[in-house]
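Have you ever wondered how a label such as "buried" or "salt bridge" is earned? Let's take the labels one by one and ask what stands behind them.

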Amino acid sequence: MSLIAILDVAHPDLALTPTIRDCPEASIEVVPHSTTDPETGLFFYLVEGADETFEDVLERDHTVADWMLVDDLGSTRIYRLQHPADTTLISPMTTELGGLLLKAQSNDRGWTNRLHLPDREALAELWECCEETDIAFDLHRMFRQDEWTGEAVPAVTDEQRAALVTAYEEGYFEEPRETSLEELADSLGISPTAVGGRIRRGTGQLVETTLLEE
């Protein structure tokens with residue numbers, strides 16, 4: 001019986017961690033099918049909310065050996081990246097344990113991953129691998145396959161969830177609005193731009209996982 005695990009990982013040498021740190025307004029997501037053959041060293045990333053400094057940061061990122069802009073859709077870009085051999089990657093570890101990386105989304109410290117694993121033993125082995133390599137490992141939730149089949153599980157990050165819940169509780173979605181992005185930013189301790197991005201991306205994830213049909 002398979003297992004779905006949602007967890008955060010962080011380490012200075014994890015892929016794109018310096019870029020995530022230096023570009024907090026950008027949301028970076030792994031294009032999942034591009035990691036099915038990690039031996040190629042090529043990975044694709046979907047980037048939202050990046051400003052004009054993003055590519056300069058990529059140039060300085062020690063986890064990036066080479067990069068190419070594949071498509072620019074305005075607020076959304078797709079990049080193809082090659083990582084140096086010493087870059088820390090979670091997807092090969094997961095693959096070796098018989099698992100699959102379903103989703104990887106940047107957060108404030110590193111990555112939030114949704115993994116498909118064979119069982120709890122595989123999850124425990126992954127945790128041990130992370131411990132041995134000093135990767136911070138924070139398990140949020142896990143689901144047995146038979147517990148969530150047929151029921152969509154919203155794939156919002158903890159940061160998006162906090163922004164959405166705070167916005168709802170403080171009346172941001174009321175008409176007229178009872179609070180502003182600036183006030184929400186003060187409550188959450190982040191910038192108004194970051195709050196707006198988390199609300200937008202979180203709402204999009206909720207629509208995708210709860211309203212869209214396969």
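Q: What makes a group of charged residues a patch?
A: Patches are built from residues with over 30% relative accessible area and no salt bridge, and like charges are joined when they lie within 9 Å. Asp and Glu count as negative. In this predicted model, E25, D51, E52, D56, E59 and D66 form a negative surface patch.

Q: Why is E52 called exposed?
A: A residue is exposed when its relative accessible area is over 50%. E52 has 67% relative accessibility, so it counts as exposed. You can find E52 in the loop between strand 3 (42-48) and helix 2 (54-60).

Q: What does the protein look like as a whole?
A: The secondary structure comes to eight helices and eight strands. Of the 214 residues, 44% are buried. The protein exposes about 11600 Å², and carbon and sulfur atoms supply 50% of that area. Among contacts with a separation of 6 or more, 64% come from residues 24 or more positions apart.

Q: How do you know whether Q160 is buried or exposed?
A: Buried means under 20% relative accessible area. Q160 has 4% relative accessibility, and therefore counts as buried. Q160 lies in helix 6 (residues 158-169). Leaving aside neighbours within four places in sequence, Q160 is in contact with R198, R201, G202 and Q205.

Q: And what about L123: buried or exposed?
A: L123 has a relative accessible area of 8%, so with a limit of 20% for buried residues, L123 is buried. This leucine is found in helix 4 (residues 120-132).

Q: Which residues is L123 in contact with?
A: Contact means heavy atoms within 4.5 Å. Setting aside neighbours within four places in sequence, L123 is in contact with L3, A5, L7, L117, F137, L139 and M142. As for G99, L123 is 24 residues away in sequence and 9.2 Å away in space, from C-alpha to C-alpha.

Q: What makes the pair D22 and R21 a salt bridge?
A: Side chains of opposite charge can pair when their charged atoms come close. The label needs a side-chain nitrogen of Lys or Arg within 4 Å of a carboxyl oxygen of Asp or Glu. In D22 and R21, the closest N and O atoms are 3.1 Å apart, and the two form a salt bridge. The structure holds four salt bridges.

Q: Why do D22 and R21 get their accessibility labels?
A: Partly exposed covers values between the 20% and 50% limits. D22 has 40% relative accessibility, so it counts as partly exposed. R21 has a relative accessible area of 55%, so R21 is exposed.

Q: How do you know that E29 and K103 meet in a salt bridge?
A: Their side chains come to 2.8 Å, N to O, and the limit is 4 Å. E29 lies in strand 2 (residues 27-30) and K103 in strand 6 (residues 100-106), so this pair ties together parts that are 74 residues apart in sequence. K103 has 14% relative accessibility, so K103 counts as buried.

Q: What makes R161 and D158 a salt bridge, and where do they lie?
A: The closest N and O atoms of R161 and D158 are 2.8 Å apart, set against a limit of 4 Å. Both residues lie in helix 6, three residues apart, which is about one turn of the helix. R161 counts as partly exposed because its relative accessibility is 28%. D158 counts as partly exposed too, with 27%.

Q: Why is a positive phi worth pointing out in L16?
A: Most residues other than glycine have a negative phi. L16 is not a glycine, yet its phi is positive, about 65 degrees. L16 is found in the loop between strand 1 (3-10) and helix 1 (17-22). With 2% relative accessibility, L16 counts as buried.

Q: What is the phi of D134, and is D134 buried or exposed?
A: Phi of D134 is near 60 degrees, a positive value in a residue other than glycine. The place of D134 is the loop between helix 4 and strand 8 (136-144). Its relative accessible area is 64%, so D134 is exposed.

Q: What kind of peptide bond joins E175 and P176?
A: Most peptide bonds are trans. The bond between E175 and P176 is cis, with omega about 0 degrees. P176 sits in the loop between helix 6 and helix 7 (181-188).

Definitions and conventions:
Residues numbered from 1 in each chain as written. Predicted model: local features only at pLDDT ≥ 70, side-chain atom pairs only at ≥ 80, totals over all residues. Heavy atoms only, no water. Patch = residues over 30% accessible without salt bridge, like charges linked within 9 Å, V, L, I, M, F, W, Y side chains within 5 Å. Areas by Shrake-Rupley, 256 points an atom, 1.4 Å probe, with all protein chains shown as cover. Charge placed at Lys NZ, Arg CZ, Asp CG, Glu CD. Helix = DSSP H or I, 4+ residues; strand = E, 2+ residues; numbered from the N terminus. Buried < 20%, exposed > 50% of the residue type's maximum accessible area, 1.4 Å probe, protein only.
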